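Here are my notes on this one, in the order I'd go through them with the model open. Have a look and see what you make of them.

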Amino acid sequence: MMKVSDEGQFAPLFDPIALGGVMLSNRICMAPLTRHRSGLDGVPSDLNVEHYRQRASAGLIVTEGIYPAPMGRGYLFTPGLHTDAQELAWSKVTAAVHEAGGKIFGQIMHVGRLSDPLLLDGELPLAPSAVRPDPTARHYTVNCPRPKRPYTTPRAMTHREVLAAIDEFANCAVRARRAGFDGVELHAASGYLPMQFLSPNTNRRDDEWGGTAEKRCNFVLACVDAMIAVTSSDFVAVKIGPGWTFHDVFDDDPLSTYSHLVRALSARSIAYLQIADYGMDWDVYGSLRPLFDGPAMYCAGFTRSSAKTALQSGGADLIAFGQAFISNPDLVDRYRHGWRISRPDLATYYTQGAEGYTDYPNFADCDPRDLLPVDSAPIPISAETTG
Ligand SMILES: Cc1cc2nc3c(=O)[nH]c(=O)nc-3n(C[C@H](O)[C@H](O)[C@H](O)COP(=O)(O)O)c2cc1C
């Protein structure tokens, strides 16, 4: 039987909140999800427009990772935002989301050492230091469109190249604002370039960009400062995944690295901080949330119930749901009414085309036999599931 509304019981999820320069209508955010449905030239497609439009009832959409420059690209069919054509296409996405009443931040993602010369016109990937990723850290097991061969040893960036990469983040933020985004989120998790600077196994530098925990944070902070300088502090957000070893990054003392980083981000009054706890054996939220004096978005493994608890008593202001938004375009309504939810199809996470992307139905059009209880947990995130 269809329930009318659970909204009262789950009221914290449906409270509006002011974030940066915008007002969100609820706390249920769509986590960034790389889905490989753009053009080979990094231009977002009409499918991207439709996918995000369908999910505009989220309090906030954070887009899939967007590369800010050619050297930041790590996959096929992922979008960029460094050309006029890409900017124009993103403006169609933001317009569609706004027209449907939603808000949208673009996630800026530079893969650094995780790219491949085949994607970089023959160039070696850039990294803080020339440390080759563990060849087994990649996605041989999922249908992820990228060269299926071992990672290459990247080239250590010169000081000048570090400054140039920071400029690329800033230029991308400018384009994002012109394209109508409500803000940008710097992707400093998942072992990509910013996390390669944060992590001691990938950052062996002894200049101002590496060495101590403080210096390993300098790249992220310089990117944030550069993006703020060309936009505003309430336009810029950051995602971190403290302690996660995905893509062969390792930090033997994440608490000290991230305590410094989070305090420094707090001082910058950014729009929000997204903290993803990817199953760490220490209290990520409890340790870091008190150090950040602004809105915090928690992410990874949340259900409607655990989200309510995190909002009520765990220090979260927003909750990002990843896989639940893949298969439930109307997730907010399902959580509001306590309706059962649809199971995502792992096989189409990284394929191309509409299947598994824009063809998940709203609740009313679902076959009830396919549905899961509303509080079902997502698949635990791992190299099998994430990009
Ligand atoms: C298909 C897929 C693609 C992802 N792509 C990104 C990405 O581009 N940027 C990012 O920060 N996280 C990415 N993630 C991680 C999600 O943002 C989120 O942290 C993760 O799915 C955990 O949330 P969940 O348990 O609600 O799914 C991806 C995850 C999945 C499943």
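1. Let's start with C29. Setting aside residues within four places of it in sequence, C29 is in contact with A58, G59, L60, V62, M297, L318, I319 and A320. Bear in mind throughout that this is a predicted model.

2. Where does C29 fit in the wider packing? C29 belongs to the largest nonpolar core, which has 105 residues. C29 is also among the residues with the most contacts inside that core, along with F169, V220 and I319. I319 turns up in the contact list of C29 as well. As for secondary structure, helix 3 (residues 159–178) gives the most to this core, with eight residues. As general background, nonpolar side chains in soluble globular proteins tend to be buried together.

3. Now the barrel. Eight strands close up in the order 3-4-5-8-9-10-11-12, with parallel pairing. From one strand to the next, the twist averages 25°. If you want one pair to check by eye, take strand 5 (residues 104–108) and strand 8 (residues 183–188): they run parallel and are joined by four bridges. I108 stands opposite L186 in strand 8.

4. Helix 1 (residues 46–54) is worth a look too. Which of its residues are buried? They are N48, H51, Y52, R53 and Q54. The buried residues of helix 1 pack against strand 4, helix 2 (84–99) and strand 5.

5. On to the ligand. It has 27 residues around it, and the closest are A31, P32, T34, G65 and G322. Strand 4 (60–66) and helix 10 (323–327) are the elements that give two or more residues to this shell. By class, the shell around the ligand has 14 nonpolar, 11 polar and two charged residues.

6. Last one: S233, in the loop between helix 6 (218–230) and strand 9 (236–240). Is S233 buried, exposed or partly exposed? S233 counts as partly exposed because 16 other C-beta atoms lie within 10 Å, whereas 20 or more would make a residue buried and 12 or fewer exposed. Beyond its neighbours within four places in sequence, S233 is in contact with I228, R268, S269 and I270. G183 is 50 residues away from S233 in sequence, with a C-alpha to C-alpha distance of 9.5 Å.

Definitions and conventions: Residues numbered from 1 in each chain as written. Predicted model: local features only at pLDDT ≥ 70, side-chain atom pairs only at ≥ 80, totals over all residues. Contact = placed C-beta atoms within 7 Å. Near = placed C-beta within 6 Å. Nonpolar A, V, L, I, M, F, W, Y, C, P; charged D, E, K, R; others polar. Pairing = 2+ DSSP bridges. Axes fitted to C-alpha atoms, helices over the stretch in contact; angles between N-to-C directions. Core = buried A, V, L, I, M, F, W, Y, C linked by C-beta atoms within 7 Å.
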